[in-house]
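The exercises below are meant to be worked through with the sequence and the model side by side. Try each task before reading its solution.

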Protein chains: 2
Amino acid sequence: MPVQARERLLRTAEDLFYAEGVRAVGVERILSESGVGRASFYRHFPGKEDLVVAVLEGRDVRWRAWLAQRVAAHGGGPLAVFDALAERFSAADFRGCAFINTIVETADPDSAAHQVAAGHKAAVCEYVRGLLAADGVAEPDVLAGRFVLLMDGAIVTALRERTPDAAYRARDVAEALLAAAERVG
Amino acid sequence: MPVQARERLLRTAEDLFYAEGVRAVGVERILSESGVGRASFYRHFPGKEDLVVAVLEGRDVRWRAWLAQRVAAHGGGPLAVFDALAERFSAADFRGCAFINTIVETADPDSAAHQVAAGHKAAVCEYVRGLLAADGVAEPDVLAGRFVLLMDGAIVTALRERTPDAAYRARDVAEALLAAAERVG
DNA sequence: TCAGAACGGAACCGATCAGTACCGTTTGGA
DNA sequence: TCCAAACGGTACTGATCGGTTCCGTTCTGA
């Protein structure tokens, strides 16, 4: 059984949106590169906006699963998130964070795409908080907020400099924060 | 004498590009909101792309002048850059960093707009390095890179959270870095 | 005063945008 | 075997995209 049309649309759209931006990629491009017919597209999605949301929702789940896996591979400590980021930054197709990009590109903060992006960041922050709590940090919420700020800063910097160096720069700062943090017990 | 057409184009385009994104704003919008005729626009700029570059170049100069002024108003120390950011984040029309936004929106890293954005960040980094050197930090280059990463992280976070809190979060981290930094003499 | 630059407005270009409607074919389950 | 759902392809809509051309007016400096 060949891959269903809906799945092909989601995969093609995700690649194109991430590489060139949501606004820069027209429905026509997605159809021709996925081989899906125009009518089939509108049978699966009411419109382009709904495709964007579906793509982001799928990416949110997969990205966080990937992060958890890579963090485990790097020892499971809180600082491992920056090792995971360094891996991402080295990828040839790295184009920043799809959710930050969506927030930047979609000016309207009430749009559905914006909500998904905000939800993704909240989930990542919660995940980092768990890593810090497991590490015995006394105030994991405060430090998690600073870690996520460092992560976003590293992502934006890496996009600009086109080198994974920013991940290690952020990691050094995070390491200092972690060393200075108070512990429970 | 009324404001010249070129100046009106630049001001209108800067406002619209920043508020809604370069790609989201068509030439038509800029013309109608600025009151400039279509022909006049193409007399001043070869095309939309050139207008984008001119807008960014002007913003680069003005933004850095504004930063230096606000840093001075906040005591002139390296940490004052985060107080300046907090001011920006509180503005009703805050929509992140126009240069980060341009890099995100313009996928092509070889585009002129990308180059201007990269140049802006390099200039800001050099400015921060000067502040750190004046403060007696032993390795101002290293710390400047971390400060700029924190600034970009704060900007992106503030755009997402829609509150100036990220500026103070970044400031706290920077303060810890500054306190731990070695000094000359 | 007068020539020429600068200007605003409008008509027009081909290309592309998101979205709709209808076509004939392929496919999977009863 | 047969029916219906899912499908790919094509033609079309009105709107908008960036850009060109011409025309008549306004403004300015010599």
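**Exercise 1.** Which of the 20 residues around DNA strand D come nearest, and which elements form the surface there?

*Solution.* Keep in mind from the start that this is a predicted model. A residue enters the list when its C-beta atom, placed from the backbone, lies within 6 Å of the strand, and of the 20 residues around DNA strand D, those that come nearest are A:Gly37, A:Ala39, B:Gly26, B:Ala39 and B:Gly47. The next step is to assign the surface to elements: two or more residues come from each of helix H1 (5-20) and helix H3 (38-44) in chain A, and likewise from helix H2 (27-34) and helix H3 (38-44) in chain B. Of these contributors, H3(A) gives the most, with four residues. Sorting by class then yields seven nonpolar, six polar and seven charged residues for the surface near DNA strand D.

**Exercise 2.** Determine which residues are closest to DNA strand C, and which element gives the most to the surface near that strand.

*Solution.* Begin with the neighbours: DNA strand C is surrounded by 19 residues, the closest being A:Gly26, A:Ala39, A:Gly47, B:Gly37 and B:Ala39. Turning to the elements, at least two residues are supplied by each of helix H2 (27-34) and H3 of chain A, and by each of helix H1 (5-20) and H3 of chain B. H3(B) gives the most here, with four residues. The class count for the surface near DNA strand C is seven nonpolar, six polar and six charged residues.

**Exercise 3.** Describe the side of chain A that touches chain B, by size, by element and by class.

*Solution.* First count the partners: 35 residues of chain A are in contact with 35 residues of chain B. On the chain A side, at least two residues each come from H1, helix H6 (98-105), helix H7 (112-134), helix H8 (140-161) and helix H9 (165-180), and H8(A) gives the most, with 11 residues. Finally, the classes on this side of chain A are 19 nonpolar, six polar and 10 charged residues.

**Exercise 4.** Characterise the overall fold of chain A from its elements, its extent, its burial and its contacts.

*Solution.* Chain A has nine helices and zero strands. Its C-alpha atoms, taken along the principal axes, fill a box of roughly 60 × 40 × 30 Å. For burial, 40% of the 185 residues of chain A count as buried. For contacts, consider those in chain A between residues at least 6 apart in sequence, of which 61% join residues at least 24 apart.

Terms used: Residues numbered from 1 in each chain as written. Chains lettered and ligands numbered in written order. Predicted model: local features only at pLDDT ≥ 70, side-chain atom pairs only at ≥ 80, totals over all residues. Buried ≥ 20, exposed ≤ 12 C-beta atoms within 10 Å, placed from the backbone. Contact = placed C-beta atoms within 7 Å. Nonpolar A, V, L, I, M, F, W, Y, C, P; charged D, E, K, R; others polar.
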